[in-house]
Amino acid sequence: MMQQILQDMYIEPDLLEELNEEQKQILFYKIREEQVRRWNERESRDPSPAAHKKSGRRGLSWLLGSDGEVWVWVMGEAPGDKPYEEIAEELMEERARKQAQREAQELRRVKEAEIEKKFRDAMAKEKARFVAEKWREETDDRKAAKQEEEEEDRIREELKKCEEEERQRGEEEIRQTEERRAKELYISLKQEEKRSERDDKEWQEQLRRSKAADEEMKCKARRARDEYKRQSLRAIEKGLVAGLSGLFQKTHLNGSGQNRRHSGVTEQSATPAEASHSPAAVGNVAAPVHYRRRQNRRYISPVTQSITEGPVWIRPPRPTSRDSILRWFKEEQRPRRAGYERSSNTIATWFHGIISRQESESLLMNASEGCFLVRVSERIWGYTLSYRTALGFKHFLIDASGDYYSFLGVDQNRHATLADLIDFHKEEVITTSGGELLQDSCRLKCSSPDYGGLFQ
């Protein structure tokens with residue numbers, strides 16, 4: 001299943017939801033590693049850099065300083081520059097003062113126009129009145145005319161005085177408005193600066209959290225790689241890798257009793273030194289995926305041969321129905337003694353057949369931490385290990401699509417039988433971060449279970 005995901009560089013969303021956070025991290029690391037490998041392979045085929053360049057494209061060059069690095073000037077930090085806060089303060093004051101002057105000039109122009117219009121109309125009215133009186137008194141003497149002229153001068157002086165007083169009052173109002181407006185603009189700019197500083201602090205905090213999350217993700221991936229290497233060496237030392245699958249298949253052909261005898265001999269003779277120097281073990285471990293699949297197709301046990309005497313069944317990429325799961329288990333898994341104890345024909349207490357995720361959690365609800373069960377998965381060709389934690393439940397997918405058993409995305413150690421995988425993780429944790437160690441198996445509640453029809 002992992003090889004198929006790396007080949008397609010794609011995993012279906014519903015299958016991705018079944019993985020926990022650390023499984024997703026390791027899966028991402030494997031996909032990224034495959035991408036780098038493909039890129040290096042492509043670069044080795046076409047190493048010339050000129051093939052990737054396009055002719056006629058414009059370039060960009062940076063101004064360099066005396067030290068040969070890119071020249072950078074930070075306002076307020078160069079010799080002779082004012083501090084940044086003082087420069088910003090002066091700029092804000094200058095902006096507020098200029099804007100207030102522009103508004104005051106506009107008010108002055110409007111006020112001047114109103115005053116001129118007001119006294120121009122008043123002068124026109126007075127002239128009209130004097131002209132009318134003059135036409136009525138055109139028979140008066142020069143003294144009356146002089147008095148009229150003096151009266152007109154007096155009135156003009158009074159009007160000019162009133163006009164000057166009015167202009168002074170308007171100028172005072174404009175000045176006060178200008179000062180008030182300058183203060184308002186200055187306060188507004190200061191508030192805007194504070195909001196900008198607050199937004200910058202929030203952005204810096206978000207950036208810090210993002211970097212912390214990235215660092216935590218890298219640490220998880222690094223721990224997962226180290227744990228994977230450690231468990232791989234541990235599995236090789238204990239003789240539980242998929243290199244023993246060939247021996248397992250041969251012993252199964254000779255029957256259950258002979259299988260037990262041969263397993264005892266294998267466990268005694270397969271020391272770490274012999275496992276590392278055995279050509280057969282190395283060949284089986286290092287064999288590519290397509291070779292293992294051909295080997296799996298060539299291997300047919302007596303039970304499988306009796307079942308498949310009818311039309312040949314081609315297994316789809318994923319389970320499509322309950323009948324397909326039953327057929328897969330009976331034709332491929334029962335000959336490999338999936339669900340049985342290692343050294344007997346008794347069905348293992350931890351195997352529960354075909355049950356749902358909700359049913360498994362209901363069975364583990366009142367169990368202690370470390371209790372577990374194995375059920376047949378309805379999403380992939382494999383199984384699901386349901387584990388009871390202190391705070392809830394965890395579900396790990398077990399890939400059984402090849403001739404070995406391994407956790408999907410967590411533990412890449414390959415085991416010859418399902419019982420070998422369970423026994424291995426009774427001593428070794430599944431994930432380093434979770435520390436899941438298999439302790440007690442969850443037994444079935446009913447006395448005569450049907451296991452979903454798997455053993456009928």
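This is a short tour of one sheet, the helices lying across it, and one residue further along the chain, in a model that is predicted.

**The sheet as a whole**

Begin by selecting the four strands, which form an open sheet in the order β1-β2-β3-β4 with antiparallel pairing. At its edges you will find β1, residues 372–376, and β4, residues 406–407, each of which pairs on one side only. As general background while you look at the backbone, strands of a sheet pair through backbone hydrogen bonds, either parallel or antiparallel.

**From β1 to β2**

Select β1 next and follow the chain through the five residues of the hairpin that joins β1 to β2. The two strands pair in the antiparallel sense over five bridges, and a useful place to centre the view is R375, which stands opposite T384 in β2. If you then colour β2 by accessibility, what should you expect to see along this strand? Seven of the seven residues of β2 are buried, so that the strand is mostly covered, burial here being a relative accessible area under 20%.

**From β2 to β3 and on to β4**

Continue from β2 into β3, where four residues lie between the two strands of the hairpin, and where the antiparallel pairing extends over seven bridges. To inspect one of these pairs, select Y387 together with its bridge partner in β3, K394. Moving on to the other neighbour of β3, you will find that β3, residues 393–399, is joined to β4 by two bridges, again with the strands running antiparallel; here D399 is the residue to pick, since it stands opposite S406 in β4.

**The helices across the sheet**

Now add helix α12, residues 322–333, which lies across β1 and β2 and runs at about 100° to β2, the strand comprising residues 382–388. Then add helix α13, residues 357–364, which lies across β1, β2 and β3 and runs at about 160° to β1.

**A last stop at Q456**

Finally, select Q456, which is placed in the segment after α14, the helix of residues 418–424. Is Q456 buried or exposed? Q456 counts as exposed because its relative accessibility is 68%, the cut-off for that class being over 50%. Leaving aside residues up to four places away in sequence, Q456 touches K330, R334 and D450, so it is worth showing those side chains alongside it. For the pair Q456 and K330, a distance label between the C-alpha atoms should read 9.2 Å, although the two residues are 126 residues apart along the chain.

Note on methods
Residues numbered from 1 in each chain as written. Predicted model: local features only at pLDDT ≥ 70, side-chain atom pairs only at ≥ 80, totals over all residues. Heavy atoms only, no water. Pairing = 2+ DSSP bridges. Contact = heavy atoms within 4.5 Å. Axes fitted to C-alpha atoms, helices over the stretch in contact; angles between N-to-C directions. Buried < 20%, exposed > 50% of the residue type's maximum accessible area, 1.4 Å probe, protein only.
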